[in-house]
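Please look over the sequence and the model below before reading on. The paragraphs that follow take up salt bridges and then the packing of two helices.

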Amino acid sequence: MNKLKVIGITSINTIMLLVFGVYFIESYGIFIFIFLPFLMGFLPSFLILRLGEKIRKRSLFFLSLKVLGVIILGILIFKIEGLICILMTLPLILICQWIGVSVAIMVINKTTIKSINGILIILGFIFCGFDYANKNTNIKLTPVTTSVIVNAPIEDIWNEVIAFGTIPEPTELLFKTGISYPINANIEGNGVGAVRYCNFTTGSFIEPITVWEKPHKLAFSVTSQPTPMHEMNPFWEIQPPHLNGYFLSKKGEFNLEAIGKNKTKLSGTTWYTLNIKPVIYWEIWTNYILHRIHERVLNHIKQKTENSTTYSKK
């Protein structure tokens with residue numbers, strides 16, 4: 001069996017299993033992000049090594065990278081996923097591939113081919129079953145808080161917090177990848193029960209006010225939200241399932257604390273749920289993105305307030 005055939009077998013099976021996980025199991029979990037990358041490393045290495053060929057571990061890993069390249073191309077062509085989310089997943093994929101290659105080397109002379117096939121099938125069913133059974137359970141509410149210091153009295157900041165004007169176009173690379181970012185905010189009404197609209201590049205967050213403690217605290221729930229990003233795909237315009245419902249912003253708040261006569265600590269917090277596993281990995285990306293979104297809003301409020309008051313110049 002030559003390497004080209006091994007790449008083809010692994011790629012076709014992995015893409016079929018990926019489609020099964022995304023569209024039939026309807027879960028972005030350990031089956032997709034742990035088992036399939038492991039398979040991409042294990043299967044081509046095992047198929048080559050069982051023929052008795054002497055190949056170094058590094059060469060086997062490079063072979064698995066070729067498999068990954070073919071799979072990524074297939075994912076893009078068949079509109080399964082976009083380029084940015086693939087890049088975000090890449091560190092986890094590479095680690096699992098390396099483990100897959102290592103395991104293939106360890107078991108090749110100790111386990112029969114029949115039992116290996118059986119183990120892989122059993123593991124696939126276990127991971128699928130686990131993801132299916134837990135796809136809507138154990139979803140925790142996670143807070144992310146970001147703070148800035150504003151050189152202005154607390155009273156001068158409040159109006160910018162409840163509704164702010166258009167923020168200049170971002171310069172950060174993150175927001176040029178298709179990830180949604182805030183543009184401006186407006187509010188209808190006054191006090192608890194008013195409705196705030198935080199407008200992003202993909203649509204508006206609708207935020208009924210739940211706490212109005214002028215000028216110290218503004219809190220709101222989120223009753224509607226847009227998709228978190230425009231997926232980049234060099235071939236098609238796509239809308240993968242994970243853009244709808246897998247990340248949900250549940251509520252948020254701004255807190256203003258006077259720490260001096262003309263100095264205020266301004267904090268923004270978002271509480272969200274994430275239905276993508278392993279959560280410990282995807283929270284890293286989600287928290288990072290939310291901090292950058294918070295910074296965009298808070299720094300705009302800071303700049304606007306400081307530029308419009310004489311206190312910051314003293």
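Are Arg 196 and Glu 207 buried or exposed? In this predicted model, Arg 196 is buried, and Glu 207 is buried as well. Their side chains come together in a salt bridge, with an N to O distance of 2.7 Å. This pair links distant parts of the chain, since Arg 196 belongs to strand β3 (residues 195-200) and Glu 207 to strand β4 (residues 203-213), eleven residues apart.

That pair is one of six salt bridges found by a search of the whole structure. Another is formed by Lys 217 and Glu 253, whose closest N and O atoms are 3.7 Å apart. Here Lys 217 lies in strand β5 (residues 217-221) and Glu 253 in strand β6 (residues 247-260), so that the salt bridge ties together parts of the chain 36 residues apart in sequence. As for the surroundings of the two partners, Lys 217 has a relative accessibility of 24% and therefore counts as partly exposed, whereas Glu 253, at 15%, counts as buried, the cut-off for burial being under 20% relative accessible area.

A further salt bridge joins the side chains of Glu 160 and Lys 304, at 3.7 Å from N to O. It also links distant parts of the chain, with Glu 160 in helix α6 (residues 154-162) and Lys 304 in helix α7, 144 residues apart. Glu 160 has a relative accessible area of 16% and is therefore buried, while Lys 304, with a relative accessibility of 40%, counts as partly exposed.

Helix α7, which carries Lys 304, also takes part in helix packing. Helix α7 (residues 279-308) packs with helix α4 (residues 83-107) at an angle of about 135 degrees, and the axes of the two helices are 10 Å apart. Angles over 145 degrees count as roughly antiparallel and those from 65 to 115 as roughly perpendicular, and α4 and α7 are therefore oblique to each other. The crossing in which α4 passes α7 is right-handed.

Which residues make the contact between α4 and α7? On the side of α4 they are Cys 85, Met 88, Thr 89, Pro 91 and Leu 92, and on the side of α7 they are Tyr 281, Trp 282, Trp 285 and Ile 289. Sorted by class, the contact of α4 with α7 comprises eight nonpolar residues and one polar residue, with no charged residues. The polar residue is Thr 89.

Definitions and conventions
Residues numbered from 1 in each chain as written. Predicted model: local features only at pLDDT ≥ 70, side-chain atom pairs only at ≥ 80, totals over all residues. Heavy atoms only, no water. Axes fitted to C-alpha atoms, helices over the stretch in contact; angles between N-to-C directions. Helix = DSSP H or I, 4+ residues; strand = E, 2+ residues; numbered from the N terminus. Parallel < 35°, antiparallel > 145°, perpendicular 65-115°, else oblique. Left-handed = near helix turned anticlockwise from the far one by under 90°. Contact = heavy atoms within 4.5 Å. Salt bridge = Lys/Arg side-chain N within 4 Å of Asp/Glu carboxyl O. Buried < 20%, exposed > 50% of the residue type's maximum accessible area, 1.4 Å probe, protein only.
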